[in-house]
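Good morning, colleagues. Please look at the sequence and the structure as they appear on the screen; I shall then take you through several features in turn.

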Amino acid sequence: EVQLVESGGGLVQPGGSLRLSCVASGFTFDDYAIGWFRQAPGKEREGVSWISSSDGSDSSTYYGDSVKGRFTISSDNAKNTAYLQMNSLKPEDTAVYYCAARRGAWGTLLPWEYAYWGQGTQVTVSS
């Protein structure tokens, strides 16, 4: 059974940091690109970042303009886990964050390109 399980969300003050984790099982992690997406109430799902399907030290990464310079995506293939380090958080970053897996080397920020999805983790940025 394919599973993606996110964790690490929570309530944080503006300017704070959170690290999200996405643990994958049921498929060959090395063969999939991993993407992070978010969805705020009343808004469409937005692509945040993706990491290519290679060893963590040689991976390619990509970020949406709204998070570039503040968020960092990484992966640990030995642990079948992807991470999203979020720094300098803003209230507009508040959303449910999802990780997703796309077969192949490269990711995209288009949600319909991804076959597998986690259940999401809530991130709330508020004072």
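Which residue takes a positive phi in the hairpin of strand 7 and strand 8? Before I reply, please note that this is a predicted model. The residue is asparagine 80, with a phi near 50 degrees, in a hairpin that has 4 residues between its strands.

Let us stay with these two strands. Strand 7, residues 71–76, and strand 8, residues 81–86, pair in the antiparallel sense over 6 bridges. Within that pairing, isoleucine 73 has leucine 84 of strand 8 as its bridge partner. The side chains of strand 7 alternate. Phe71, Ile73 and Ser75 point to one face and are buried, while Thr72, Ser74 and Asp76 point to the other face and are not buried.

I turn now to the disulfide. A search of the whole structure finds 1. It is formed by cysteine 22 and cysteine 99, whose sulfur atoms lie 2.1 Å apart. This pair links distant parts of the chain: cysteine 22 belongs to strand 3, residues 18–25, and cysteine 99 to strand 9, residues 95–103, with the two positions 77 residues apart in numbering. The link is right-handed, with 70 degrees about the S-S bond, and both cysteines are buried.

Finally, consider serine 7, which is found in strand 1, residues 3–7. Why does serine 7 count as partly exposed? Because its relative accessibility is 36%, and the partly exposed class lies between 20% and 50%. Leaving aside residues up to four places away in sequence, serine 7 touches Arg19, Leu20, Ser21 and Thr121. Thank you for your attention.

Methods:
Residues numbered from 1 in each chain as written. Predicted model: local features only at pLDDT ≥ 70, side-chain atom pairs only at ≥ 80, totals over all residues. Heavy atoms only, no water. Buried < 20%, exposed > 50% of the residue type's maximum accessible area, 1.4 Å probe, protein only. Pairing = 2+ DSSP bridges. Disulfide = S-S within 2.5 Å. Contact = heavy atoms within 4.5 Å.
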